[in-house]
Amino acid sequence: MRSKFKWIFTLLLALSMQFSFAQEKTVTGVVSDELGPVVGATVIIKGTKSVVVTDFDGKYSIKAKSGDVLEVSYFDMKQIVTIGVSNSYNVTLKSVVLKEVVVVAGYKTETKAKSIGASTVVSSETIENRPNVSAIQTLQGQVAGFNIITGSGQPGEVSNTLIRGVGSVNGNTEPLYVIDGVPQSGSSFRGINSEDIESINVLRDAVATSIYGNRGGNGVVIVTTKKGKLGKSEIIFTSTTGVSVLQSQFYDKMSSKELLRIEKAKGTGFGNSLTDQQINSFNTNTDWSDVLLRTALTQNVNLSFSNGNEKMRSFNSISYNQSEGLAQVSKFRRITFRNNSDGKALNDKLEYSTNISLGYVMDDRVPSLGTGGVNQNPLLGSLVGLPYLSPSDYQNGRQLNELVRNRIPTSPYTNTLPLLGYTPLLIMDLNRNVTNRRNEFQIFGSTSLKYNFSKNFNVKNVTGIDYTQFNTLNSQGAESFNAVYFAENDGKQYGGFQSEGFSYDSQITNTLSFNFNESFNKHAFNASVFTEVLYGRSKAFSYEIDGLNPISFYPGDGSGFVPEDNDNDAWYNRDASSGLSKAMLLSYFGFVDYDYDSKFGLSATVRRDGTYRFLGDNKFGNFWSIGGRINLDKFSFLENSDINMLKLRVSYGTVGNQNILGQSLFAAPNSFLDLYNFGNSYNQQIGAFPTVGNPDVRWEEITTANFGVDLIFKNNLRVNLDIYQKQTDNLYLPIPTSSISSVTSITGNFGKLRNSGVELQLSYDLINSTDKSGLKLNLFANGSYNKNEFIDLPQNEVISGNSIRRIGGPVGEFYIYKYAGINPNSGNHLFYTNDGQLTETPDNADRYKTGKTSVPVFQGGFGFNLDYNNFYLSTQFNFIADVYRFDYDLASFSDPNSIGQFNLSRDLLNYWTPSNRYTDQPSLNVANQGFAEDSERFLIDASYLRLRNIQFGYNFPKSTFNDKLTLKLFAQVENLYTWSKWRGWDAESPRGGDNYQFPTPRLFTIGAQINL
């Protein structure tokens, strides 16, 4: 009996324990990551709506039962905990494998494991705190196949970008930029604060870009800005300060004494008026780059506020950037404001968001870059200014006018120095009197509404606006040298000029979509259909006035304008112009994605685009793509292996390019019409000039095939490999026609251009300590190869100056003379003829096809990220290779005809003489220098390797400031050093030849970031 009672008692006790276990209890704990407690982590009981977020100490408290599963997550970190007997569970979050990360891919989001397209995501950690005005510049060398070249050191300069090579000859070659779901122009990055960017996703193949149809032909760059974080309020203040300095050049310029001696040897210039003793005792030796250029200051301040709860999140920021350029007249100032808000309503059925960005830019720019304007281009004077001149030789514009006209008898340069020799003094006067300003006001905004009819079906509408207003001011005062000199030449009392311009570009885009998804068993479908309309409008007005009264003139004010002369209307010019353009695009498109058990996936896209640019049946174009993937790591033969992800991708499809003439949405609106231009024709009589239209003008169409492999090995090594071929059909080119109507060609669609290549992206965690203060070392690299060639053309060969367009050749191929050296008998340059003979006077038949262009064949980057005990060190190198361009600065330094006008390279001291016959420098009286400048002699290999960025910093532990504040201090250098054969200031350029250009600077900055 006693034994039976004990058995019953034990059973009742077990039942009571099971009952108590099934009761809700309060579960508490702390959520942390490798840096400490996590604020705002989400804790949810799986399968329920019970959810809480962690507080400022990472603590949480939630009602749960034994057996419940807690899902704890924070961004890409996630951990699962099963509730047992204990009432306390501390959770340490770790980053999930990359294949689970959700990325924004334009009109849809997808996990990395299930994506089919060729794309690369750059996170905010890579972009933040870099001192570049534009975030695009920060991406240089970060993405395989994305070639970014900044062609000027002017702060805020828009970069030239190419994805997978040049895709058009006359049309747009820039990718489409999509900011928070709304297509924008590439110049929009000038008005965006880099600290506001959450991520940038670069889409490169057809399955990723075809959904953008006519605007995605050159690739797509998706920019997602920051949003508030659920359950977390945060204030971030960042400030950086730095200086920009000139990079080194290696032309080895002559000193004053050396230059005076070579002038005397040639019998020209100031040196020819001096004795040997006077030259030996000459002490003035001015480096004009020190006088006309400067050490420039830069400062950037950013303040952001963010917060969020289950119903609403918001992110707000304000920033100010001020960056001086190396040239004294160059200065960039920008202020930005952003508000991003999103939330839910109507029992979470309605989701809404708004994104508003305001930017105001004041940009003082260097005039006449890349020209030989001795009185206009500051870079010319700073590079080749005569060193024996002194800044004290300049007083003001009127004194300089007297000096160059040889009307100051006491000047040693009177009747010995030509006008061009005074170049650095002319630039000193320009810096004092010129205004060349462009102000921009930019509004980017979008609003999104999505209604969820069910968990499987929703309707979404996105409306976006891109508005940019430009105000320009260009003037040279009435007392400037240019005003005084040219007024005297023209017999006018007053000189100087002022021009102002006002313009705006606006684009409104509306996208309506119906979205459906369904899953059953191992099958999953995701489908959407869209309709999209874009309306654009551009307006411009400008005027120019000649003749300014120095008593009342002030830049931007009209009080100094001289009244018109009724007796002579042409005495002081009054010019005004105005223009208006409109554009419209209409699109219908959709996509279907299918997944089977996360092992196989298919994606198909169809898009029909209509444009205002074309006529009749050509007005609409149809584009499509199809792609598939197989995730080998999901198969049993790779289970429990070291391969975390192994995915094979393949895609094929078409996209269009309706911007067949330049980048602007508004260019070439009437290419299908016969038009007439009126103006002065033969013998200054009014006449009409016909422009023959082509009613059959149509889209350029780009077809891309892509094969890719994505690999993650031991969660340490990440590899992305893509092999592609991209072909553009229906190139917009001149097509020869009968000249019976005096028109020798008509522009239309004929020709094919192919780009084929390989892209590789690598990342390896060489050391990854589990201790949060332990050593971590990540190595990364990327590289790409691209071959560009014409497949078909209206003519087999078209020659234009130093370039040739031919079947089998690349875009922009140099077509020049083959250089043979210096003729030891005459001191002139020698060249090879087309049959291998030598000549001093080649003709066009002697030019040869070099196969070389200014577009790099190879490009990429590499570096490392090192963290240890809250210190961090990072580097980023980038390189381009197999790229060529003319160094016209070197040509100027090597030109004996410049003696007496400009400084020269010491190379020329080895000039040819009868006693120095075997040399690489010509005679001082060389007779064929022009041929040399069109030859291999000055076509330079501009390949380079650059230490683009090196950054060192320290993250103070949270405990330093009572866990309420975090502080990061850092220092960095941009463009620290460049290895290149290019001898000029800057090897980086998108041009086929460089002549007195503004180099990108070397930039040193220090900064601090405070998080509250």
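What joins the side chains of glutamate 402 and arginine 407? A polar contact of 2.8 Å does the job; the term covers a pair of N or O atoms within 3.5 Å where, within protein, one must be able to donate a hydrogen and the other to accept it, and residues adjacent in sequence count only if both atoms are side-chain atoms. Keep in mind that this is a predicted model: local features need pLDDT of at least 70, side-chain atom pairs count only at pLDDT 80 or more, and totals for chains, interfaces and linings use all residues. Residues are numbered from 1 along each chain as its sequence is written, and side-chain values use heavy atoms, with hydrogens and water left out.

**Around glutamate 402**
- Glutamate 402 sits in helix H9, residues 397–404 (helices are DSSP runs of at least four residues, strands of at least two, numbered from the N terminus).
- Its relative accessible area is 28%, so it counts as partly exposed (buried is under 20%, exposed over 50%, partly exposed in between, with a 1.4 Å probe and protein chains only).
- Leaving aside residues up to four places away in sequence, glutamate 402 touches Arg407 and Ile408 (contact means heavy atoms within 4.5 Å).
- Tyrosine 485 is 83 residues from glutamate 402 in sequence, yet 9.0 Å from it in space, C-alpha to C-alpha.

**The nonpolar patch**
- Ile318, Tyr320, Ile335, Phe337, Ile356, Leu358 and Tyr360 make up a nonpolar surface patch, together offering about 550 Å² of accessible area.
- Strands E20 (312–324), E21 (331–345) and E22 (350–364) each chip in at least two residues, and E22 gives the largest share, 3 residues.
- Isoleucine 318 belongs to strand E20 and is partly exposed because its relative accessibility is 39%.

Notes: Patch = residues over 30% accessible without salt bridge, like charges linked within 9 Å, V, L, I, M, F, W, Y side chains within 5 Å. Areas by Shrake-Rupley, 256 points an atom, 1.4 Å probe, with all protein chains shown as cover. Salt bridge = Lys/Arg side-chain N within 4 Å of Asp/Glu carboxyl O.
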